[in-house]
Amino acid sequence: MAEVTGRSRRVVRRCDRLTVENRAASANLAETAAFMDDLKRVRVFSEAGGTGRSYHAELSARNRRLRVHYLLEPGWKADAAIQGLGRTNRTNQAQPPLFRPIATDVKAEKRFLSTIARRLDTLGAITRGQRQTGGQGLFRPEDNLESHYARDALRQLYLLLVRGKVEGCSLEMFEDATGLKLVDENGIKDELPPITTFLNRLLALTIGLQALLFTAFEQLLNAKVEGAIASGVYDIGLETLQADSFVVTGRHPIYTHPATGAETRLLTITERRRNRPMTLDQALDYLADARAVLLVNERSGRAAVQIPAPSFMLDDGEIESRVRLIRPMEHHHASMKMMDESHWQPTDRETFAAAWNGEVVDVPEFAESTLHIVAGLLLPIWKRLPNESTRVYRLQTDAGERIIGRRVSPAWAASACMTATCRLTPNEAFSALMEGRTVLELAEDLQLRRVRVMGAHRFELSGFTDVMRDRLRAYGLFSEIISWKLRMFVPSDATGAAVLAKVLDHYPIVRIGEREAA
């Protein structure tokens, strides 16, 4: 084992005796050379060996094996942590390292990883303009226990404790163990203990109580982060979009700076991605879990694999049991109550295989969608941009143009242009409905929006009259009676755009609205 540390002496074993060995200043150089020459397979280095040396799988070195970098003590200094991580991940390497942060099953220990994760993200934002460059993708969003999502989750945990909804820990037990007071003579306090105080007090609790409280807090935090990511409002900094093709199909100036003449442009970009549906063999691999179930929807004929999923804690503290449905082109979670009310039924392998392969064959080779990016001079109009998402994206078009800007919804893009050329085409309207934020108000008081029915997304047309039913069915809409009410839907598969075009031809778009973020 190679050691690259600042120790001048160490205790070593020689035969059956322990002796003190003096280490010269050049020992670190010799140990580094032994590791890079593949004479020693394992190397331990501290902060003293984390600057000025390289331990990556260099192409010119004999040891080009995969580096598995175990992060035992991240420390409190973000710049020192970046130095240490950068020792094994450098240019001219045969392969990048695999980082492994180490933590025990003591829940409160995550408090230390959280601090370094937050500081790495902050340092990345300052030095590179990108938060994710600091931690090099080592930490997940929920690893930062000091974000505003964590603060919201902690306040929700406090409310559950006051209501007695945290199983195994009463309000009195919590206040006695932590010394934190959540209520006064007027009820729950306005100024509740901050997240840092809560995390520090967790360190003083018994292991069992730590696990109980932190598990409840972690479930609430994961729900907050997952909800923000699903609704598109989670800010992860600068994100690079990848696709098979990007083509700019429209450029519309929406603001010109009066002093410099610099423009803010709304770009319409056609994105083309290759569809990669899950094969039947990949789906059947889930049967390695004895709890997996093969399903077929008796009404639509679609196939899915049901596997267990983590339970979800609702705002009132109730635990909702959930499952995960794996489909050829997507996966989503559904509650057990929703599954009981749906048309999903267990089936045999042959029926499942036929339904699954039938769906895979119908998947087109490529899928096209439309992006709306506001690029150019952003700062003067930043507050005018929609606040449902603050993500900043970058991409490179087929023509080699590099674009950085904020993505906006089709509804906002259409209202910003206020010109005929910016009105939605049927394909753009279909893509806007697919995203879920756009509500299309049509002539004769009709309305189109995306809804979730029986665990699947559908495009529902509401406001129709009895006279319109036959016409709409002729256009290709299908109807279902749900809770004794007739509802009509535009197909959400490959035929949906053509059906929508027929609807819009007879009932044109009157207004484009946006629904509130979930």
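# Notebook: patches, core and salt bridges

**Entry 1. Negative patch.** I began with the surface charges and found a negative patch formed by Asp 184, Glu 185, Asp 190 and Glu 191. I note here that the structure is a predicted model. I then looked up one member of the patch, Glu 185, and placed it in the loop between strand E7 (183-184) and strand E8 (187-188). Its relative accessibility is 73%, so I recorded Glu 185 as exposed.

**Entry 2. Nonpolar patch.** I next turned to nonpolar side chains on the surface. Leu 66, Val 68, Tyr 70, Leu 72, Leu 98 and Ile 102 make a nonpolar surface patch of about 540 Å². From this group I followed Leu 98, which is found in strand E6 (residues 98-101). Leu 98 has 35% relative accessibility and therefore counts as partly exposed.

**Entry 3. Largest nonpolar core.** Which residues have the most contacts inside the largest nonpolar core? I found that they are Leu 157, Tyr 158, Leu 161, Phe 174, Phe 198 and Phe 217, in a core of 31 residues. I then listed the elements that give two or more residues to this core: helix H5 (148-163), helix H6 (171-178), helix H7 (195-202) and helix H8 (207-231). The most comes from H8, which gives nine residues.

**Entry 4. Salt bridges.** I searched the whole structure and obtained 18 salt bridges. I examined several of them individually.

One of them joins the side chains of Arg 291 and Asp 289, at 3.3 Å from N to O. The two partners fall into separate accessibility classes: Arg 291 is exposed, with a relative accessible area of 56%, and Asp 289 is partly exposed, with 27%.

I then looked up Glu 480. Its side chain meets that of Arg 299 in a salt bridge of 3.6 Å, N to O. Arg 299 lies in the loop between strand E12 (293-297) and strand E13 (303-313), and Glu 480 in strand E23 (residues 478-482), so this pair ties together parts that are 181 residues apart in sequence. I noted Arg 299 as partly exposed, with a relative accessible area of 47%. Glu 480 is buried, with a relative accessible area of 12%.

The side chain of Glu 480 also meets that of Arg 458 in a salt bridge, at 3.0 Å from N to O. This pair too links distant parts of the chain, with Arg 458 in strand E22 (residues 456-462) and Glu 480 in strand E23, 22 residues apart. Is Arg 458 buried or exposed? I recorded Arg 458 as buried, because its relative accessibility is 14% and the cut-off for buried is under 20%.

I closed this entry with a network of salt bridges that links Glu 3, Arg 7, Arg 10, Arg 14, Glu 21 and Arg 23.

**Entry 5. Pairs separated in sequence.** I checked two C-alpha distances. Ala 34 has its place in helix H1 (residues 27-36) and is buried, with a relative accessible area of 10%. The C-alpha atoms of Ala 34 and Asn 63 are separated by 9.5 Å, while the two residues are 29 residues apart along the chain.

For the second pair I took Arg 65, found in the loop between strand E4 (43-45) and strand E5 (68-71). Arg 65 counts as partly exposed, at 39% relative accessibility. From Arg 65 to Met 36 I noted 9.8 Å, C-alpha to C-alpha, for a sequence separation of 29 residues.

**Entry 6. Positive phi.** Where is Asn 92 placed? I located Asn 92 in the loop between helix H2 (78-86) and E6. Its phi is near 60 degrees, a positive value in a residue other than glycine. At 44% relative accessibility, Asn 92 counts as partly exposed.

I recorded a positive phi of about 60 degrees for Glu 444 as well, although this residue is not a glycine. Glu 444 has its place in the loop between strand E20 (438-442) and strand E21 (446-453). With 47% relative accessibility, Glu 444 counts as partly exposed.

**Entry 7. Helix H13.** In helix H13 (residues 426-435) I listed the buried residues as Glu 428, Ala 429, Phe 430, Ser 431, Ala 432 and Leu 433. Gly 436 follows H13, and its phi is positive, near 95 degrees.

Conventions. Residues numbered from 1 in each chain as written. Predicted model: local features only at pLDDT ≥ 70, side-chain atom pairs only at ≥ 80, totals over all residues. Heavy atoms only, no water. Patch = residues over 30% accessible without salt bridge, like charges linked within 9 Å, V, L, I, M, F, W, Y side chains within 5 Å. Areas by Shrake-Rupley, 256 points an atom, 1.4 Å probe, with all protein chains shown as cover. Salt bridge = Lys/Arg side-chain N within 4 Å of Asp/Glu carboxyl O. Lys, Arg positive; Asp, Glu negative; His and termini not counted. Charge placed at Lys NZ, Arg CZ, Asp CG, Glu CD. Helix = DSSP H or I, 4+ residues; strand = E, 2+ residues; numbered from the N terminus. Buried < 20%, exposed > 50% of the residue type's maximum accessible area, 1.4 Å probe, protein only. Core = buried A, V, L, I, M, F, W, Y, C linked by side-chain atoms within 4.5 Å.
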